[in-house]
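This text walks through one protein chain, residue by residue. Keep the sequence and the model in view while reading.

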Amino acid sequence: LLGLPCLSECGQYVLDLMDTYGAGMSVLIIAIFEIVAIMWGYGVNNFCQDLRCMLGFTPSWYFKICWFLVSPAALISIFIAGCADWTRPSYGTVSYPQWAHVIGWLLMIISVVQIPVWFIIMTICSVLEGKCKSWPGFRP
C-alpha cells in the first residue's frame with residue numbers, strides 16, 4: 001500500500017527520494033548503532049560465547065578485532081565521508097521542492113529515532129517489572 005505512489009506518473013521521483021533518504025544514511029546510522037550496541041554494550045566475548053553455543057565453535061581473534069574495532073571505524077568513516085559529500089538530491093536536472101526534502105528528512109528521522117526510543121521504553125518497562133535487579137551480573 002505504501003508503494004502505490006511509486007506507480008504514479010511521478011513514481012520515479014518518489015522512489016528516488018525514498019532511496020536517497022530512507023536507504024542511504026539511515027541504514028548506515030542503524031548499522032553503527034547495532035555494532036556498537038552488540039560489540040561494545042553486550043561485549044564481543046559474550047557474543048562469541050553465544051556463537052559457540054549456537055555453532056559449536058568460537059570465532060578467531062581476527063573476527064573479534066574486525067567486529068570490535070575495524071567495522072565500527074569503517075562505518076563511522078563512511079558516515080563522515082557521506083556527510084561531508086552530501087548534496088541535496090535531484091533527479092537528473094529536476095530539483096526537488098523544499099517540501100520533498102522535508103518529507104525525506106522525516107523519513108530518515110523516523111527510521112533512526114526508533115532505536116533510542118525503544119531502548120528507553122524497554123528499559124523503563126524492565127525497571128518497572130523488576131527485571132533489572134541482576135543487570136551487573138547478566139549473562140545469557
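In this predicted model, Asp-16 is buried but has no salt bridge. The nearest side chain of opposite charge belongs to Arg-88, and it is 13 Å away. A salt bridge would need a side-chain nitrogen of Lys or Arg within 4 Å of a carboxyl oxygen of Asp or Glu. Asp-16 is found in helix 1, which covers residues 11-55.

What does the side chain of Asp-16 join in a polar contact? The partner is the side chain of Tyr-96, at 2.7 Å. Tyr-96 is also among the residues that Asp-16 touches, together with Ser-90 and Tyr-91, when residues up to four places away in sequence are not counted.

Arg-88, the residue named above as the nearest opposite charge to Asp-16, lies in the loop between helix 2 and strand 1, the strand being residues 90-91. Is Arg-88 buried or partly exposed? Its relative accessible area is 46%, so Arg-88 is partly exposed. The side chain of Arg-88 makes a polar contact of 2.4 Å with the side chain of Gln-98. Leaving aside neighbours within four places in sequence, Arg-88 is in contact with Gln-98 and His-101. As for distance across the model, Arg-88 and Pro-116 are 28 residues apart in sequence, and their C-alpha atoms are 27 Å apart in space.

Back in helix 1, the next residue to find is Ser-26. Ser-26 has a relative accessible area of 1%, and therefore counts as buried. Its side chain reaches a backbone atom: the oxygen of Gly-22, at 2.8 Å. Apart from residues up to four places away in sequence, Ser-26 touches Tyr-21, Met-108, Ser-111 and Val-112.

One of those residues, Met-108, can be followed further. Met-108 has its place in helix 3, residues 98-129. With a relative accessible area of 11%, Met-108 is buried because buried means under 20%. Which residues does Met-108 contact, leaving aside its neighbours within four places in sequence? They are Tyr-21, Met-25, Ser-26 and Ile-29. Tyr-21 thus appears in the contacts of Ser-26 and again in those of Met-108. By contrast, Leu-51 is 32 Å from Met-108, C-alpha to C-alpha, with their positions 57 residues apart in sequence.

The loop between helix 1 and helix 2 holds Ser-60. Ser-60 counts as partly exposed because its relative accessibility is 34%. Along the chain, Ser-60 and Phe-79 are 19 residues apart, and 28 Å separates their C-alpha atoms.

Trp-61 is found in helix 2. Is Trp-61 buried or exposed? At 62% relative accessibility, Trp-61 counts as exposed, so it belongs with the residues over the 50% mark. Trp-61 is also one of the residues that make a nonpolar surface patch of about 860 Å². The other residues of the patch are Trp-40, Tyr-62, Phe-63, Ile-65, Phe-68, Leu-69 and Val-70. Which helix gives the most to the nonpolar patch? Helix 2, residues 61-84, does, with seven residues.

Note on methods. Residues numbered from 1 in each chain as written. Predicted model: local features only at pLDDT ≥ 70, side-chain atom pairs only at ≥ 80, totals over all residues. Heavy atoms only, no water. Patch = residues over 30% accessible without salt bridge, like charges linked within 9 Å, V, L, I, M, F, W, Y side chains within 5 Å. Areas by Shrake-Rupley, 256 points an atom, 1.4 Å probe, with all protein chains shown as cover. Helix = DSSP H or I, 4+ residues; strand = E, 2+ residues; numbered from the N terminus. Buried < 20%, exposed > 50% of the residue type's maximum accessible area, 1.4 Å probe, protein only. Lys, Arg positive; Asp, Glu negative; His and termini not counted. Polar contact = N/O pair within 3.5 Å; in protein donor to acceptor, adjacent residues only side chain to side chain. Contact = heavy atoms within 4.5 Å.
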